[in-house]
Amino acid sequence: MDLSDTIAPTSDQLDAVDLLAGPRTFTIERVSPGNAEQPVNIKLAEFPRVWRPGKSMRRVLVACWGPDATGYVGRRVTLYCDPTVRFGGQEIGGTRISHLSHLEKRKQVPLLVSRGKSAMFVVEPLGETPDMPEQVDWDARIAEAAGDVDALKALYKLAGRLEPNNRALGERIAKAGKDAAAATSASADGEPNDYLPNDPDLTAP
């Protein structure tokens with residue numbers, strides 16, 4: 001019997017106690033504004049509740065990925081429970097980042113650990129997605145799929161997941177798909193160009 005569900009907190013967010021069994025890696029599905037106390041909600045594809053990173057972890061995200069949170073979608077983060085996190089002078093534990101995708105190498109971020117005292121926080125690169133290496137050679141993948149409508153459709157979906165804000169990439173793959181469809185225009189309805197969206201928008205939810 002797995003006791004994990006029985007110790008889940010009564011909460012609307014991911015808490016440090018959710019990570020007592022060990023670190024977990026999540027894919028960021030959406031970032032939205034929160035409230036004054038917790039200004040950021042991060043929807044995780046593999047978890048039912050949002051992650052609301054504290055100020056220190058928001059600083060880490062900005063230092064590693066930049067301030068534009070729209071670019072975070074599709075990226076991955078490994079979180080763990082750090083029992084040494086202090087609040088009100090007591091160690092109560094907290095959620096911390098250990099690894100991030102889209103990092104070329106280890107990143108050190110200076111964080112305040114107490115009034116007037118800072119320390120370096122280390123984030124390791126998270127190198128691979130479940131399907132393929134994080135750094136995709138799109139030129140090679142498009143060339144490999146050239147002429148294969150089904151392969152290009154799959155590549156289009158992959159681009160939407162890994163680079164949801166890269167409209168130019170989506171349009172390029174869509175055009176390759178239309179060219180492939182036109183080259184094999186023996187479709188039953190005589191409409192060779194409706195294999196892929198006419199106006200692809202990778203930023204659409």
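Reader: What makes Gly-147 notable in the backbone, and where is Gly-147 placed relative to H2?

Author: In this predicted model, Gly-147 follows just after H2 and takes a positive phi of about 85°.

Reader: Which residues of helix H2 are called buried?

Author: In H2, which spans residues 138-145, the buried residues are Trp-138, Ile-142 and Ala-145. The term requires a relative accessible area under 20%.

Reader: How do you know on which side of H2 these residues lie?

Author: The buried residues cover an arc of only 70° around the axis, which puts them on the same side of H2. A general property of the α-helix is relevant: with 3.6 residues a turn, residues three or four places apart point the same way. On the other side of H2, Ala-143 and Glu-144 are exposed; that term requires a relative accessible area over 50%.

Reader: Why is Thr-27 called buried?

Author: Thr-27 has a relative accessible area of 16%. The cut-off is under 20%, and Thr-27 is therefore classed as buried.

Reader: Where is Thr-27 placed, and which residues does Thr-27 touch?

Author: Thr-27 belongs to strand E1, residues 24-33. Residues up to four places away in sequence aside, the contacts of Thr-27 are Lys-43, Leu-44, Ala-45, Glu-46, Gly-74, Arg-75 and Arg-76. Contact here requires heavy atoms within 4.5 Å.

Reader: What is the order of the strands in the open sheet, and what makes a strand an edge strand?

Author: Six strands form the open sheet, in the order E2-E1-E3-E6-E8-E7, with mixed pairing. Strand E2 (40-44) and strand E7 (107-114) are the edge strands, since each pairs on one side only. From one strand to the next, the twist averages 50°.

Reader: How do you know that strand E3 and strand E6 pair?

Author: The criterion is at least two bridges between two strands. Strand E3 (residues 76-82) and strand E6 (residues 94-100) have six bridges, in the antiparallel sense, and therefore count as paired. One of the bridge partners can be named: Thr-78 is matched with His-99 in E6.

Reader: Which strands does helix H1 lie across?

Author: Helix H1 (residues 55-65) lies across E1, E2, E3, E6, E7 and strand E8 (117-125). The helix runs at about 160° to E7.

Reader: What is the overall pattern of the chain, and how much of the chain counts as buried?

Author: The chain has four helices and eight strands, in the sequence pattern β-β-α-β-β-β-β-β-β-α-α-α. Of its 205 residues, 36% count as buried.

Conventions
Residues numbered from 1 in each chain as written. Predicted model: local features only at pLDDT ≥ 70, side-chain atom pairs only at ≥ 80, totals over all residues. Heavy atoms only, no water. Buried < 20%, exposed > 50% of the residue type's maximum accessible area, 1.4 Å probe, protein only. Helix = DSSP H or I, 4+ residues; strand = E, 2+ residues; numbered from the N terminus. Arc of directions from axis to C-beta. Axes fitted to C-alpha atoms, helices over the stretch in contact; angles between N-to-C directions.
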